[in-house]
Amino acid sequence: MLTGPAARQIRSLAVAGWCAMALGLGGGAAWAQGADGPVGLRQADTAAPGSPDRAVPEGQGGDAPIIAAPSDPGRWAPPPSTAYVPSEMGGFNSFAAGETAPLPMDRFNPGDLPVVVELFTSQGCSSCPPADAMLAGLSDEPDVLPLSFHVDYWDYLGWADSFARPEFTARQEAYAHAAGERAVYTPQIIVDGQDTAVAVGPAQLMGLIDASRVAPAMVSVQRETTPRGEAIEVMPLSDLGGEVEIVMIRYAPERQVHMTAGENRGKVVTYTNVVLSLELLAEWDGAAPLRMTVSPDGSASDSFPTDTRHALLVQQEHGGDGLPGPILAAIRLD
């Protein structure tokens, strides 16, 4: 996947009774030891066979919350994905990347590049609607790009998520492996590819966003609208340490879903910036400026709805092992 300097290890702030799911070694009812005693937690075990059943987050003492390996054979899930799989969907509002000569462009100030807030959620998770609502509250923030990634590992509970795709589940699994975590869960929020929190509240989330806002920039971005499309230049400000991926995100601004079955039966939930596809446009070694033109490609079709929006993520690889690391920049295209 992406390369560059080793990313900061993803940090888990708390463990509470939010949905989680086993990835391959079994799933189901497990328990997280919280301040007030055990709290029900369905989780996903991403450890290799033979790993310890319990793990304490690095840097925390023995009293820190723990995640227990799932043991209920009635909650088995499909085997975990092992790689990031870019979407092959094309057609309407598809974009293609290409090289372009240097052009006089408008330079973005660091504050002009939005902080990316990824929410891994599911229509079949009863704990997700509050997080979905919290993400919706960020939609009017000009310097925040909230994205809803719907995962598919809860589909067997009686309601198949209409927005879920296996590559979104694979992306969440890759984040877990990069952090050395044993489980994936919903809802999970990841800020700029670096910081995560279970059961995060609005104050905690804004703290993570504010930390990303003031973090030193690793790249600068310039762009200009041309007849061929958006001419974009990404300039490294320091040694990035290896390859970086340029990923196209297609998303729908808002969708409302009425669930008639499953854990959220009877609820109507509004989802914000629902991701429709991921597409790898380019890989960059970070040694010299990257110049590309991103332009509409293809004619209208049923592949994507007419209100589809697009953004580019410039994202490092975690330590050269093909796992996602920090998001260096996000560029809204429309």
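Hi everyone, let's begin with Arg-255, which is partly exposed because its relative accessibility is 22%, in between the 20% that marks buried and the 50% that marks exposed. Please keep in mind that this is a predicted model.

So who does Arg-255 pair with? Its side chain meets that of Asp-307 in a salt bridge, with 2.9 Å from N to O. The two come from distant parts of the chain: Arg-255 is in strand β15, residues 244–258, while Asp-307 sits in the loop between β17 and β18, and they are 52 residues apart. Asp-307 is partly exposed too, with a relative accessible area of 30%.

How many salt bridges does a search of the whole structure find? The answer is nine. Some share partners, and in that way Glu-141, Asp-143, Asp-210 and Arg-213 are joined into one network.

Here is another salt bridge you can look for: Glu-233 with Arg-291, whose closest N and O atoms are 2.6 Å apart. Glu-233 belongs to strand β14, residues 229–236, and Arg-291 to strand β17, so this pair ties together parts that are 58 residues apart in sequence. Are the two partners buried or exposed? Glu-233 is buried, at 7% relative accessible area, whereas Arg-291 is partly exposed, at 27%.

While we are on strand β17, which covers residues 290–297, have a look at Ser-295, which lies in it. Ser-295 counts as buried because its relative accessibility is 17%, and the cut-off is under 20%. A polar atom of its side chain lies 3.4 Å from the backbone oxygen of Arg-228.

Now let's move to helix α2. This helix runs over residues 166–179, which makes 14 residues. From its first C-alpha to its last it reaches 20 Å, close to the 20 Å expected at 1.5 Å a residue. Why do we call α2 largely enclosed by the rest of the structure? Because twelve of its 14 residues are buried. Among them are Phe-168, Tyr-175 and several alanines, including Ala-170 and Ala-174.

Some charged residues are on that buried list as well, including Glu-167, Arg-171 and Glu-173. Glu-167 has a relative accessible area of 6%, and its side chain meets that of Arg-165 in a salt bridge, 2.7 Å from N to O. Arg-165 itself is partly exposed, at 24% relative accessibility.

One last stop: just after α2 comes Gly-180, which takes a positive phi of about 70°. Thanks for listening!

Conventions. Residues are numbered from 1 along each chain as its sequence is written. This is a predicted model: local features need pLDDT of at least 70, side-chain atom pairs count only at pLDDT 80 or more; totals for chains, interfaces and linings use all residues. Side-chain values use heavy atoms; hydrogens and water are left out. Helices (H or I, at least four residues) and strands (E, at least two) are DSSP runs, numbered from the N terminus. The expected span of a helix is 1.5 Å times one less than its number of residues. Buried means under 20% relative accessible area, exposed over 50%, partly exposed in between (1.4 Å probe, protein chains only). A polar contact is a pair of N or O atoms within 3.5 Å; within protein, one must be able to donate a hydrogen and the other to accept it, and residues adjacent in sequence count only if both atoms are side-chain atoms. A salt bridge is a side-chain nitrogen of Lys or Arg within 4 Å of a carboxyl oxygen of Asp or Glu.
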